[in-house]
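Open the model in your viewer and keep the sequence panel beside it. This tour tells you what to select at each stop and what is there.

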Amino acid sequence: MAKVKGDIIIDIEKCKGCELCISACPQDGLEKSRQVNKKGYLYVVKIEDNCTGCTNCALVCPDGVLKVYRETKKKKEKVAEITNVTGDITVTVKE
Ligand code: SF4
Ligand code: SF4
């Protein structure tokens, strides 16, 4: 099955660089920046475009720095179909 496409928005001025989100990301998609924010912290940045929208990073962040988004399909897509219900049943599930 295809992975869900996600994305995050980072409020860099609120980040204190504690790295909790970096450890929590199963995609290894986050890293510390090489610049400091106005408070003098190395903030978090995305290093990969592989976010699945799992929300781990936002859940562990103590300062509400991260917003997580998931891409939604604009049109309906059939993912399963059941036919021949009066005889032998054929079930087709899209991978
Ligand atoms: S939502 Fe999940 S995959 Fe995306 S950056 Fe956060 S922890 Fe990583
Ligand atoms: S958990 Fe929050 S405060 Fe800590 S580094 Fe990540 S975004 Fe910054």
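Select threonine 52. It counts as partly exposed because 17 other C-beta atoms lie within 10 Å; a residue is buried with 20 or more such atoms within 10 Å of its own C-beta, exposed with 12 or fewer, and partly exposed in between, with C-beta atoms placed from the backbone. Threonine 52 sits in the loop between β3 and α2. These labels come from DSSP runs, numbered from the N terminus: helices are H or I runs of at least four residues, and strands are E runs of at least two.

This is a predicted model, in which local features need pLDDT of at least 70, side-chain atom pairs count only at pLDDT 80 or more, and totals for chains, interfaces and linings use all residues. Residues are numbered from 1 along each chain as its sequence is written, while chains are lettered from A and ligands numbered from 1 in the order in which they are written.

**Stay with threonine 52**

Add aspartate 7 to the selection. The two residues are 45 apart in sequence, yet their C-alpha atoms are 7.1 Å apart. Now show the contacts of threonine 52. Leaving aside neighbours within four places in sequence, they are Lys3, Val4, Gly6 and Gln27. Contact here means C-beta atoms, placed from the backbone, within 7 Å of each other.

Step back to cysteine 51. With the same neighbours within four places left aside, cysteine 51 contacts Gly6, Asp7, Ile8, Gln27 and Gly29.

Step forward to threonine 55. This residue is also in the loop between β3 and α2. Its phi is positive, about 80°, although it is not a glycine. Is threonine 55 buried or partly exposed? It is partly exposed, because it has 15 C-beta neighbours inside 10 Å.

**Ligand 1**

Select ligand 1 and the 15 residues around it; Cys25, Cys51, Cys54, Asn56 and Cys57 come nearest. Two elements give two or more residues to this shell: β1 (6-10) and α2 (56-60). A residue is near a molecule if its C-beta atom, placed from the backbone, lies within 6 Å of it. Color the shell by class. You will find 8 nonpolar, 7 polar and no charged residues. Ala, Val, Leu, Ile, Met, Phe, Trp, Tyr, Cys and Pro count as nonpolar, Asp, Glu, Lys and Arg as charged, and the others, Gly among them, as polar.

**Ligand 2**

Move to ligand 2. How many residues are around it? There are 13, with Cys15, Cys18, Cys21, Cys61 and Val65 nearest. This shell has 9 nonpolar, 1 polar and 3 charged residues.

Now pick glutamate 19. It lies in the loop between β1 and α1 (20-24). Its phi is near 75°, a positive value in a residue other than glycine. Glutamate 19 counts as partly exposed because it has 14 C-beta neighbours inside 10 Å.

**The β2-β3 hairpin**

Select residues 30-36 and 42-46. These are β2 and β3, which pair in the antiparallel sense over 4 bridges. Strands pair if DSSP finds at least two bridges between them. Find lysine 32: its bridge partner in β3 is valine 44.

Glutamate 31 is also in β2. It is in contact with Ile22, Val45 and Ile47, leaving aside neighbours within four places in sequence. Measure from glutamate 31 to tyrosine 43: the C-alpha atoms are separated by 8.4 Å.

Go to the turn. The hairpin has 5 residues between the strands, and glycine 40 there takes a positive phi near 90°. Lysine 39 is in this loop too. It is exposed because 12 other C-beta atoms lie within 10 Å. Its C-alpha atom is 7.9 Å from that of lysine 16.

**The core and the whole chain**

Select Ile8, Cys15, Cys21, Cys25, Leu30, Tyr43, Val44, Cys51, Cys57, Cys61, Val65 and Leu66. These 12 residues make up the largest nonpolar core. Such a core is a set of buried Ala, Val, Leu, Ile, Met, Phe, Trp, Tyr and Cys residues joined through C-beta atoms within 7 Å.

Zoom out. The protein has 2 helices and 6 strands, in the order β-α-β-β-α-β-β-β. Finish by coloring by pLDDT, the predictor's confidence in each residue, from 0 to 100. The mean is 87. By element, β3 has the highest mean (97), and β5 (residues 80-83) the lowest (66).

Conventions:
Contact = placed C-beta atoms within 7 Å.
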